[in-house]
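Student: Could you take one residue in this one and walk me outward from it, with the cut-offs spelled out as you go?

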Amino acid sequence: MKILVCISNVPDTTSKITFTNDNTAFNTAGVQFIINPYDEIALSKAVELAEGGKGTVTVINVGDASTDATIRKALAIGADNAVRVNAIPRDAWFVAQQIANYAKENAFDLILTGRESIDYNGAQVGAILAELLEIPSVSIAKKVDVATDSVTIEREIEGGKEVLTAKLPIVIGTAEGVAEPKIPNMRGIMGARSKPLEVLEPTAVDTLSQIVKYETPAPRGTVTLVDPAEVDKLVSLLHDEAKVI
Amino acid sequence: MSILVYVENTDGKFKKSAFEVVSYAKAIADHIHTDLTAISIGQVAADELAKLGNYGATKVLDVNNEQLSTFVNQAYASIIAEAAQHAGASLVVLSNSFSGKGLAPRIATKLRAGLADGALTVPTIEGEKLSVKKTAFSNKAFATLELTSSNKVIALAPNAYEVKEIGGQATVEAFTATIAPTDLSTIVKEIVRATDKVSLPEAEIVVSAGRGLKGPENWGMIEELADVLGAATACSKPVSDAGWRPHAEHVGQTGIVVSPNLYIAVGISGAIQHLAGVSSSKTIVVINKDPEAPFFKVADYGIVGDAFDIVPKLTQALKAYKGL
């Protein structure tokens, strides 16, 4: 089984988010970058499926050379080879087109992405990619069971879950629960250095959208503390002042 | 520019998000002086379809098809894209629900449209340019996204726009779209709904608890408080990681992002990742025994004290207030 995992290079979850250039660009100064946590779940699932010679795992990232450290981490976790499309990712449309170009030339049985990236929160790349490849997709999977030529997926719906099946190939966006994140061991880290990392040049793609400005949430006012002995007071405040009950 | 809005149903009844997206699309339609057409897929009765008029749709395209009574991503996307062309709509609006997240990128690709996912505001439109605010960095920031393509798709964040009844009428028209067999390649086997529970992403009130509760056996009082409020229950990441509660309840940067009217956090310290998931809640109440807990800095109301003492008292006080 040939598996492709799309990974995104994102700020660590503890990062403080600030902007530069008159709030038009993300300030990367002092920010630690990691594999998008949902993509790490996708990668862990792929490695699990390929274990014992049952398949190969390719990771693909659209980014400049600064993402190589993140790609090497993915190789250390257990991917067999990596591809980097050498471009600053502009939007999901751009990224999905680049990945589709590569996927069209290398028939994959299974393509995994994280359910969304934790930076731009688009949840778009997987479904656009599937549409470009004319194959099915499931955007938020909580459980994935792969058989020889089909897959059973549990996906989240409002207030419950849906179980569905599909034939391979398919694009699946993975959420928590699909796999336990794998921690690279020393052998993996050493081996990652010699695994192939191919760099491809991007193709031209039209721009459909762009982010023109960022802002950080306005700080909330100071907290109104209620005495633990006067819980009734909180109920009145929620009713009279906040008007939420 | 005309507007098409896709409305989701569950077993033939429109979801709350359906009325939200129609109200939202109506606000846009009013801005640009155009009509609003809605499209419904599945098996929805005529009287239910007619309800959409009350929120601003003037026409409803009804794709009544048994094969499509459950969600089939590719087929739905094909139908909605075809309907957009049929209705001459260059803007498609839908909910950024779990299904909507899978659907919107496919519709956008078919229409070669820019997509604003998780939109929070009514967009400003100047000529071909549409700008709208959305969350970025998992709620730690907002981004203004500009769509410059001639076709456009907006997926509205749940709970971001208030439903508005305007008392209008809609005509219902059957719509038959061509569905390729390859569009039906996912097959739904089973749908499991916790009918007694309020859906977390759509909930207006959320009661959430963290490690301060010491163990899964202590969640009874959280569920009781949620029951009285008609709230959904949620938890912090360490709690779902420890297996005390299901992953589906994990609220935060790498879990579910919620924006209820009221978020009550019990025994959660307020790590930056958790706050990212709740910061767009309208009112936040924090109950924690540690007065230094970072959560108090973003709370509207707080009680410093022992959860095991305060939560039952709060439940009692709410019961008294509601006359239960």
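Student: Which residues does B:Val22 touch, not counting residues up to four places away in sequence?

Tutor: B:Val22 touches B:Val5, B:Val7, B:Ala38, B:Leu52, B:Tyr55, B:Gly56 and B:Ala57, leaving out residues up to four places away in sequence. Contact here means that the C-beta atoms, placed from the backbone, lie within 7 Å. Keep in mind that this is a predicted model: local features need pLDDT of at least 70, side-chain atom pairs count only at pLDDT 80 or more, and totals for chains, interfaces and linings use all residues. Residues are numbered from 1 along each chain as its sequence is written, with chains lettered from A and ligands numbered from 1 in the order in which they are written.

B:Val22 also belongs to the largest nonpolar core, which has 135 residues. Such a core is a set of buried Ala, Val, Leu, Ile, Met, Phe, Trp, Tyr and Cys residues joined through C-beta atoms within 7 Å. Buried means 20 or more other C-beta atoms within 10 Å of a residue's own, exposed means 12 or fewer, and partly exposed is in between, again with C-beta atoms placed from the backbone. The residues with the most contacts inside this core are A:Val5, B:Val5, B:Val22, B:Ile80, B:Val92 and B:Val93. A second, separate core of 53 residues includes A:Leu234, B:Leu213, B:Ile222 and B:Ala307.

B:Ile80, from that list of best-connected residues, takes us to a helix pair. In chain B, the axes of α3 (residues 73-86) and α4 (residues 98-111) come within 9 Å and cross at roughly 45°. Helices (H or I, at least four residues) and strands (E, at least two) are DSSP runs, numbered from the N terminus. Axes are lines fitted to C-alpha atoms, for helices over the stretch in contact, and angles run from 0 to 180 degrees between N-to-C directions. That crossing angle makes α3(B) oblique to α4(B); under 35 degrees would be roughly parallel, over 145 roughly antiparallel, 65 to 115 roughly perpendicular, and the rest is oblique. On the α3(B) side, B:Asn73, B:Gln74, B:Tyr76, B:Ala77, B:Ile80, B:Ala81 and B:Ala84 make the contact, and α4(B) answers with B:Gly102, B:Leu103, B:Arg106, B:Ile107, B:Lys110 and B:Leu111. By class, that contact has eight nonpolar, three polar and two charged residues, where Ala, Val, Leu, Ile, Met, Phe, Trp, Tyr, Cys and Pro count as nonpolar, Asp, Glu, Lys and Arg as charged, and the others, Gly among them, as polar.

Over in chain A, α3 (residues 92-105) and α4 (residues 125-133) pack at about 45°, axes 9 Å apart, and are therefore oblique to each other. Their contact has twelve nonpolar, one polar and one charged residues.

Helix α4 of chain A is also one of the elements that supply at least two residues each to the side touching chain B. In all, 62 residues of chain A are in contact with 75 residues of chain B. Strand β11(A) gives the most to that side of chain A, with eight residues, and the side divides into 33 nonpolar, 16 polar and 13 charged.

As for chain A as a whole, there are six helices and 15 strands, and 48% of the 245 residues are buried. For a contrast, try A:Ala25 in strand β4 (residues 25-26) of chain A: with 11 C-beta neighbours inside 10 Å, A:Ala25 counts as exposed.

Key
Two residues are in contact if their C-beta atoms, placed from the backbone, lie within 7 Å.
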